[in-house]
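Hello,

I'm passing this structure on to you, with a few notes below to help you find your way around. Please have a look at it first, and then read on.

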Amino acid sequence: MANSTSSHTSFSLKLIGIICILSFFLESLFILFPLEITDKLWQINLYRSLVEQGFLPLLGLGAIVTAFYVGRTEESSHPSSLSLKLPIFILSSLLGLMFLLIFPLYLGNVNQIKEQGLTRINKEAEQLENQVKSQLAQIQNQLGNDQVKASVEKQRAALKEQLRTQLNELVKDEQKYTQAINNNQLPTAQKDLLKKYKGNPQALDNFIAQQTDPQQLANQRIDQINSQKEQQLQKTQADAWKELRTGINSLLLSIGYTVIGWRGLRGTGVSKSSSRRSKSAS
């Protein structure tokens, strides 16, 4: 009865292990296609997928190795069954080698993609900054024309008068003033202007000068570009650091498979018989 239970348990564990291993290799075939071997992003996605699925055959091998020990009584009466261990431990060793190779390849590709991303972000920011400076030079050149300058001054005066009328209306009515200050849809710059204007009407002149001065507008735009560039650079660096987790998992998988494989090969009858043959030959 005990032998029957042991045999059934051993068979079940081997079946579960084989299914796990076959599932991994089947999933790997789907991951491979379409083949884009020279594409770094394709390689990164391939390595990441293999590592994410890499624990499945490890569990399968663990189940099979456990099955060997559970059914060791039956195997002792059928020595030929020991030969089943050899391909399992060889497979484990090969998987260990595969994940060991994935570790430097994956991190190397991630580093290349990161460097390309950093270069692209800096280049795009530089191009945008040059565009702003070019536009500023054109505007300043146009302002050298008396007619254009007079037209701009006229528009500035009209804007100033329009804003003064609106601000006076809000400042004189405390209820409207409070509603404007608490209005979440009103831009922060306009709220600040409203607060300053209530205490000092001359604040409107400074606001108009800032909003219509090409140099200050260009500086604000350049500051925005640099701020966005720093955010993108930090995000790219952070994303690259997160990928280190996949590399570490690959290394851990390599250690696990290699230990199972080599300890299994050392413990098989093949290694023992080979050592006996070498002793007898000597």
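**The nonpolar patch**

Helix α11 is the biggest contributor to the nonpolar patch, giving 6 residues. Please keep in mind that this is a predicted model, in which local features need pLDDT of at least 70 and side-chain atom pairs count only at pLDDT 80 or more, while totals for chains, interfaces and linings use all residues. Residues are numbered from 1 along each chain as its sequence is written, and side-chain values use heavy atoms, leaving out hydrogens and water.

The patch lies on the surface and has about 1,000 Å² of accessible area together (Shrake-Rupley method, 1.4 Å probe, only the protein chains shown counting as cover). Its members include L97, W241 and V259. Patch residues have over 30% relative accessible area and no salt bridge (a side-chain nitrogen of Lys or Arg within 4 Å of a carboxyl oxygen of Asp or Glu); nonpolar side chains are joined within 5 Å, like charges within 9 Å. Both α5 (85-143) and α11 (244-267) supply at least two of the residues; helices are DSSP runs of H or I, at least four residues long.

L244, found in α11, is partly exposed at 31% relative accessible area (buried is under 20%, exposed over 50%, partly exposed in between).

**The cores**

In the largest nonpolar core (buried Ala, Val, Leu, Ile, Met, Phe, Trp, Tyr and Cys joined through side-chain atoms within 4.5 Å), L61, F99, I102, Y106 and Y257 touch the most other members of the 24. The largest share, 7 residues, comes from α5.

Best wishes

Note on methods:
Buried means under 20% relative accessible area, exposed over 50%, partly exposed in between (1.4 Å probe, protein chains only).
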